[in-house]
Amino acid sequence: MILITGGLGFIGSHTARALLDLGESCVLTRRRTARIPAFLSDEIGGRAVVEDLDVTDREAFLDLGERHEITGIVHLAGAAIGALDPVDEFEVNLRGLLNALRAASAWGVRRVCVASTIGVYAGVDDVPFREDAALPMTAPHPIPAYKKSSELLATSVAERSGLDLVNLRIAAIWGPLGRPESVFFPVPRLVHAAVRGEAPDFSAPRRPAYGGDGSDYCYVRDCGRAIALLQTAENLNHRTYNVGSGRVTTNAEVVTAIRTVLPDAPAIDLPNGRGPGAPARDAYLDITRLREDTGFEPAYDVERAVRDYAGWLTAGHER
């Protein structure tokens, strides 16, 4: 069984679905989430088991291995940014990571995958971002600050203990179960507003969105499948993999897809061109390693993704 910490969360749920589709069984941990996604409900109590877990509790974490035959770990759980005092936030995330690594060693798991972020590339000039790029020793936000540190720590532990460790540098992810608004990119807000029949609100303190800006916007179903493929691949040639679409999607492309999928939605009028202070080139991930070692190819272009997400929302799953 594959243990997914945060397994009922946004990315965790879709990773679980992808692993189940590959024939695996899963243990899904949760801290507060009571929701069982509809696309997992038929599996709960069968090939998927839900366990309540505070990942900072070492004994409770290790006890999972007494109840389940866990062969791999995907560690996605973490404290929400801003939910705790900064010191407590880093402590919670670090304890969770160390407990996952401790459990992986104790149980003799085949592989442990640990979530990182595209944000670790902040300050890297060469685009697309490649896994072998030299990363600056600075970070503009708490998330990349922690993820850079966790990559270094986890890799050091793996090299000394012999763990098969994979760092997952994950792009901007959106889709079912995701937040209706992101502070980092406008796609969720655009789709949710269109489904509600409203114009998207970009008033302060929200960041304005410009049609010419974009990034590596990866649909969550593709993200989950990529992680599942990395977790289950027979052999991997690297410790670090980018997880994304491998291309830039502009905000204007998203708006065009929304107009196609939801022609009766209010017009979305984003300013043309690039926003003030935008980088010379939009960031995106080189996913050559992911393609070569797992055969992954994104299944969702922007129009298919918008259609799927709008269908999910209009079916009443969440707004």
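Reader: Leaving aside its neighbours within four places in sequence, which residues is Ser-182 in contact with?

Author: Contact means heavy atoms within 4.5 Å. By that cut-off, Ser-182 is in contact with Pro-188 and Arg-189. This is a predicted model: local features need pLDDT of at least 70, side-chain atom pairs count only at pLDDT 80 or more, and totals for chains, interfaces and linings use all residues. Residues are numbered from 1 along each chain as its sequence is written, and side-chain values use heavy atoms, with hydrogens and water left out.

Reader: Is Ser-182 buried or exposed?

Author: Buried means under 20% relative accessible area, exposed over 50%, partly exposed in between (1.4 Å probe, protein chains only). Ser-182 has 16%, so it counts as buried.

Reader: Which backbone nitrogens does the side chain of Ser-182 reach?

Author: It reaches that of Phe-184 at 3.0 Å and that of Phe-185 at 3.4 Å.

Reader: How do I look for empty space, and what volume has the largest cavity?

Author: Rolling a probe the size of a water molecule over the atoms shows where empty space is left. A cavity is a set of points, on a 1 Å grid over the protein atoms alone, where a 1.4 Å probe fits but cannot get out. Points are joined across faces, edges and corners, and a volume is the space filled by probe spheres set on them. Here the largest cavity has about 50 Å³.

Reader: Which residues line the largest cavity?

Author: Lining residues have an atom within 4 Å of a point. Among them are His-75, Asn-93, Tyr-146 and Lys-147.

Note on methods:
On a 1 Å grid over the protein atoms alone, a cavity is a set of points where a 1.4 Å probe fits but cannot get out, and a pocket is an open set with protein on both sides within 12 Å along at least five of seven lines; lining residues have an atom within 4 Å of a point. A polar contact is a pair of N or O atoms within 3.5 Å; within protein, one must be able to donate a hydrogen and the other to accept it, and residues adjacent in sequence count only if both atoms are side-chain atoms.
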